[in-house]
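The exercises below are meant to be worked through with the sequence and the 3D view side by side. Try each task before reading the solution that follows.

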Amino acid sequence: MWAAKHLEKSNLRLVNSGSHSLYAELEGSDLDLVCFLPNNINVYKFYGSDGDSLVSMLKNLLDEKKINWISGKVKLIQIEHKDMNIDLSLVPIPGHYLVQKNHCLESDEIVKETKFESAIYSLAGLRTAKYLFLNVPNQPMFSSLLKAVKIWARNRLIYSGIFGYLNGVALSVMAAKICIVYPNAPITYLFQQFFMVYSKWDWLHVPVLLEELSPSSLNKLTQLPNN
């Protein structure tokens, strides 16, 4: 099959993303995976519904009902396997980056060279997780706080960006802010301050920023490709 042949011969990288990359996954959380592949491969050969695509290959290997192709803003292959839901997205990048073992796959230069719109959104998740981990003073404490807040929100049925509530990314930024403000605090104090601080936050006028915006950071945003 076309997909199997190219998967075997290509230099691919499979990277963990989402809540698992922040060590803040909950029971039943989806496993978000990003697959980096050379951009000379037509990604629609992987997503397509014809018999040679990766989707078709997976349907032959697994139960057909457990494989879905989501053609949205972020194109995903959804896989249900052994009580775990996996969301697989593809990011085509210039092949020479894949043979450089120590090259950062979510670097600015790769984002600028990425022409596949769905891939830019996938890269955003990886870049967000890396940025948060680099900026919080205590990574295990941040992960614990984020997981605790997510459990609190899920138990109250308010953990869902689709329905207008806070999603995982928003809660991650909010948790990181608390960890930065109180770098040496224990988890119980961080959890308390999360609600104390944000219950008094001026949401209408003050955004939650982990660092001040500068002209250089704004320039980076405007340089990202639009398609």
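**Exercise 1.** In which loop, between which two helices, is Glu 106 found? Decide also whether Glu 106 is buried or exposed, and list its contacts beyond the sequence neighbours.

*Solution.* Keep in mind throughout that this is a predicted model. Begin with the position along the chain: Glu 106 sits in the loop that runs between helix 5 (95-98) and helix 6 (108-113). Next, take the relative accessible area, which is 17% for Glu 106; because buried means under 20%, Glu 106 counts as buried. Finally, set aside the neighbours within four places in sequence, and the residues in contact with Glu 106 are Val 111, Leu 123, Leu 126, Arg 127 and Lys 130.

**Exercise 2.** What is the strand order of the open sheet, and which strands stand at its edges?

*Solution.* The open sheet has five strands in the order 1-2-5-4-3, and its pairing is mixed. Strand 1 (13-17) and strand 3 (67-70) stand at the edges with a single partner strand each, so one side of each lacks a neighbour in the sheet. Averaged over the sheet, neighbouring strands are turned by 25 degrees against each other, direction ignored.

**Exercise 3.** Describe how strand 5 is paired and how far it is enclosed.

*Solution.* Take the two partners in turn. Strand 2 (residues 31-38) pairs with strand 5 in the parallel sense over eight bridges, and here Leu 31 has Ile 86 of strand 5 as its bridge partner. Strand 4 (residues 76-81), by contrast, pairs with strand 5 in the antiparallel sense over five bridges; His 81 has Met 84 as its bridge partner in strand 5, while Ile 79 stands opposite Ile 86. The hairpin of strand 4 and strand 5 has two residues between the strands, and in it Lys 82 takes a positive phi near 50 degrees. As a last step, consider burial: eight of the ten residues of strand 5 (residues 84-93) are buried, so this strand is largely enclosed by the rest of the structure. Helix 7 lies across strand 1, strand 2 and strand 5, and runs at about 115 degrees to strand 5.

**Exercise 4.** How many residues has the largest nonpolar core, and which elements give two or more residues to it?

*Solution.* The largest nonpolar core has 23 residues, and those with the most contacts inside it are Leu 22, Phe 142, Leu 145, Leu 146, Phe 194 and Tyr 198. Two or more residues come from each of helix 7 (117-135), helix 8 (139-155), helix 9 (168-181) and helix 10 (187-199), with helix 9 giving the largest share, six residues. Domain 1 (1-133) and domain 2 (137-226) each contribute at least three residues to this core. Another core, of 16 residues, lies apart from it and includes Met 57 and Leu 90. Met 57, found in helix 4 (residues 54-61), is buried at 14% relative accessibility.

**Exercise 5.** How many aromatic pairs does the structure hold, and how are the rings of Tyr 198 and Trp 201 arranged?

*Solution.* There are ten aromatic pairs in the structure. The ring centres of Tyr 198 and Trp 201 are 5.5 Å apart and their planes stand at 45 degrees, so the pair is tilted. Tyr 198 is itself buried, with a relative accessible area of 7%. Ring pairs link both residues into a cluster with Trp 152, Phe 191, Phe 194, Phe 195 and Trp 203.

Methods. Residues numbered from 1 in each chain as written. Predicted model: local features only at pLDDT ≥ 70, side-chain atom pairs only at ≥ 80, totals over all residues. Heavy atoms only, no water. Helix = DSSP H or I, 4+ residues; strand = E, 2+ residues; numbered from the N terminus. Buried < 20%, exposed > 50% of the residue type's maximum accessible area, 1.4 Å probe, protein only. Contact = heavy atoms within 4.5 Å. Phe/Tyr/Trp six-rings, centres within 6.5 Å; stacked < 30°, edge-to-face > 60°. Pairing = 2+ DSSP bridges. Core = buried A, V, L, I, M, F, W, Y, C linked by side-chain atoms within 4.5 Å. Domains from an automatic or database assignment. Axes fitted to C-alpha atoms, helices over the stretch in contact; angles between N-to-C directions.
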